[in-house]
Amino acid sequence: MDLARRSRGPLRALPARPGSSAPAGSATGPVGNQRPARHRRALGLLLAFWVLLAATLGVGAAFAAGPAFAGLAAERAQASQLAQEIAQQGQVVQALVARSDAAQAHLDAVTAQLQAARQRLALAQMAAAQATQHLRAVAIAAYMTGAGTQTNLSLFETGSASALLAQQEYTAIAGNSLQTAIEHYQLARHQAAADASQLAQAQQAAQQAATTLAQERQAAQSALAQETALLQQVKGRIAQQVAAQVAQQLAAEQQAREAALAAAAQAAAAQGPPPTVAVNAAPGAYANPLRAIAALNPERIDQGVDYSGYGPIYAIGDGVVLNTVNSGWPGGTFIAYRLTDGPAAGLVVYAAEDIQPEVSVGQTVTPNTVLGTMYEGPDGIETGWADPSALGETMAMAYGQFSGANSTAFGANFSQLLASLGAPPGILQNSPPTGSLPPGWPSW
């Protein structure tokens, strides 16, 4: 049995046995592997198979060159063009995003400057109002005198001509200061108003530019989304066409393979089954159970020994059939018989998997009894020592030696028995094999 195949069998609780590594109550069962189908018949069968396989490849090549692939090429060309357009549109969108962001930043800056100018205008108006009020108070005080009150004009109470001139000069200075303050106020207000007007115009222009760029950006993004959706549709159509073409090609290949297998089966049927080979075995003597198997090929040693080939398989010696079927094994066959003579009397032998049983439960067998016909199924056969219950479990599994792909002590022992009878031994996967044999177990 090749490394990819795993034997299968029913899982059931087992009592602990001497030397067993499997605890009582543990769930165990035969485990094997799936073997690829083998067709090792005559050269004519192989030629028929390869001729039909070549026809399959011819169908696949013709299919690949058909008009469906031309449509697929057009879809792929459209997808490539859309991808290029999406890349270009993406660059346009990125440029518009950058310009839109810059316009918005400019608008924000102009708005901030306009607010600052308006604040300066308000401050200038407030300062001018305060200065005007102060100067008016000074001017009024300059012309007024009060009883018992010291004013700014009390310095000129002598009534002389020089005092009068001083009073007039003082009054002129106060008036000039007031006029200067008013002029400064008016100039500042005019400048602030002009700045505010210019900034308001700049704000309006910036707002219009930002709005225009936002519209262009939205339009570009909408176009990009549409092209992206269209590309997804094209890709979906491409995937559907590819899947349909692959399915058709696989179906054509499968039909060709089935036709080749049918032709091989017809050729095999025409050749007829391999002839049986009788032996003259003395009482208690064992014989090679695989002596009539055509294209016999030994494979790995695991729970038992795996072989491929086709033809009749015999009992090793005298015995009684205990079982013929078990759905847990590939192919559903598990022929178990208890030897009633020879050095292994009392032990149970099994032959399982791709075998068509030709015996029934309770039947007595001899080395010349055909247990069944081995056919070229996907798994080959496995033969070895069975658990005494004969329900579908091996001794290797019952003793906890098998983990899925390793050689066991029970499998190696049965391989030695077959080799002593003239059959090719199996192939060890590990040396030494896993586990050990119970005391008193026969050796070969």
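In what sense, and over how many bridges, do β9 and β13 pair? The two strands pair in the antiparallel sense, over 6 bridges. This report describes a predicted model, beginning with the chain as a whole and then turning to its strands, its nonpolar core, its salt bridges and some details of the backbone.

## The chain as a whole

The chain contains 5 helices and 13 strands. Of its 444 residues, 37% are buried. The surface that the chain exposes amounts to about 22900 Å², and carbon and sulfur atoms supply 60% of that area. Where contacts join residues at least 6 apart in sequence, 72% of them join residues at least 24 apart.

Confidence in the prediction varies along the chain. The average pLDDT is 79, and 70% of the residues score at least 70. Over residues 1–53, however, the pLDDT is below 50, and this stretch has 156 contacts in the model beyond near neighbours in sequence. Residues 55–65 also stay under 50 in pLDDT, and for them the model has 11 contacts beyond four places in sequence.

## Strands around β12 and β13

Strand β13 is mostly covered, with 6 of its 6 residues buried. Besides its pairing with β9, β13 is joined to β6 by 3 bridges, and these two strands run antiparallel. Within the β6 pairing, Asp 306 has Glu 382 of β13 as its bridge partner. Within the β9 pairing, the partner of Glu 353 is Ile 381 of β13.

Strand β12 has two antiparallel partners described here. One is β6, joined to β12 by 4 bridges; the other is β10, residues 355–357, joined to β12 by 3 bridges. Gly 311 is bridged to Met 374 of β12, and Gln 356 is bridged to Thr 373 of β12. Because 4 of the 5 residues of β12 are buried, this strand is largely enclosed by the rest of the structure.

## The largest nonpolar core

The largest nonpolar core comprises 34 residues, and those with the most contacts inside it are Tyr 337, Leu 371, Trp 385 and Phe 414. Several elements each supply at least two residues of this core: the strands β6 (305–314), β8 (333–339), β9 (348–353), β12 (370–374) and β13 (381–386), together with the helices α4 (395–398) and α5 (409–420). Helix α5 gives the most to the core, with 4 residues.

## Salt bridges

The count of salt bridges comes to 4. Three of these pairs are set out below.

| Pair | Closest N to O |
|---|---|
| Arg 237 and Glu 75 | 3.0 Å |
| Arg 300 and Asp 302 | 2.8 Å |
| Asp 306 and Arg 300 | 3.7 Å |

The pair of Arg 237 and Glu 75 links distant parts of the chain: Arg 237 belongs to helix α3 (residues 161–271) and Glu 75 to helix α2 (residues 67–143), with their positions 162 residues apart in sequence. The two residues are covered to unlike degrees. Arg 237 has a relative accessibility of 32%, so it counts as partly exposed. Glu 75 has a relative accessibility of 13% and therefore counts as buried, since the limit for that class is under 20%.

Which residues are joined into one network by salt bridges that share partners? They are Arg 300, Asp 302 and Asp 306. Both Arg 300 and Asp 302 are buried, and Asp 306 is buried as well. Asp 306 also appears in the strand pairing above, as the bridge partner of Glu 382 in β13.

## Details of the backbone

Two residues other than glycine have a positive phi. Glu 353 has a phi of about 90° and lies in strand β9. With a relative accessible area of 0%, Glu 353 is buried. Ala 390 has a phi near 60° and lies in the loop between β13 and α4. Ala 390 is also buried, with a relative accessible area of 2%.

The peptide bond from Ser 431 to Pro 432 is cis, with omega near 5°. Pro 432 lies in the segment after α5, the helix that gives the most to the largest nonpolar core.

Technical notes:
Residues are numbered from 1 along each chain as its sequence is written. This is a predicted model: local features need pLDDT of at least 70, side-chain atom pairs count only at pLDDT 80 or more; totals for chains, interfaces and linings use all residues. Side-chain values use heavy atoms; hydrogens and water are left out. A nonpolar core is a set of buried Ala, Val, Leu, Ile, Met, Phe, Trp, Tyr and Cys residues joined through side-chain atoms within 4.5 Å. Buried means under 20% relative accessible area, exposed over 50%, partly exposed in between (1.4 Å probe, protein chains only). Two strands pair if DSSP finds at least two bridges between them. A salt bridge is a side-chain nitrogen of Lys or Arg within 4 Å of a carboxyl oxygen of Asp or Glu. Contact means heavy atoms within 4.5 Å. Accessible areas come from the Shrake-Rupley method with a 1.4 Å probe; for residues, only the protein chains shown count as cover. pLDDT is the predictor's confidence in each residue, from 0 to 100.
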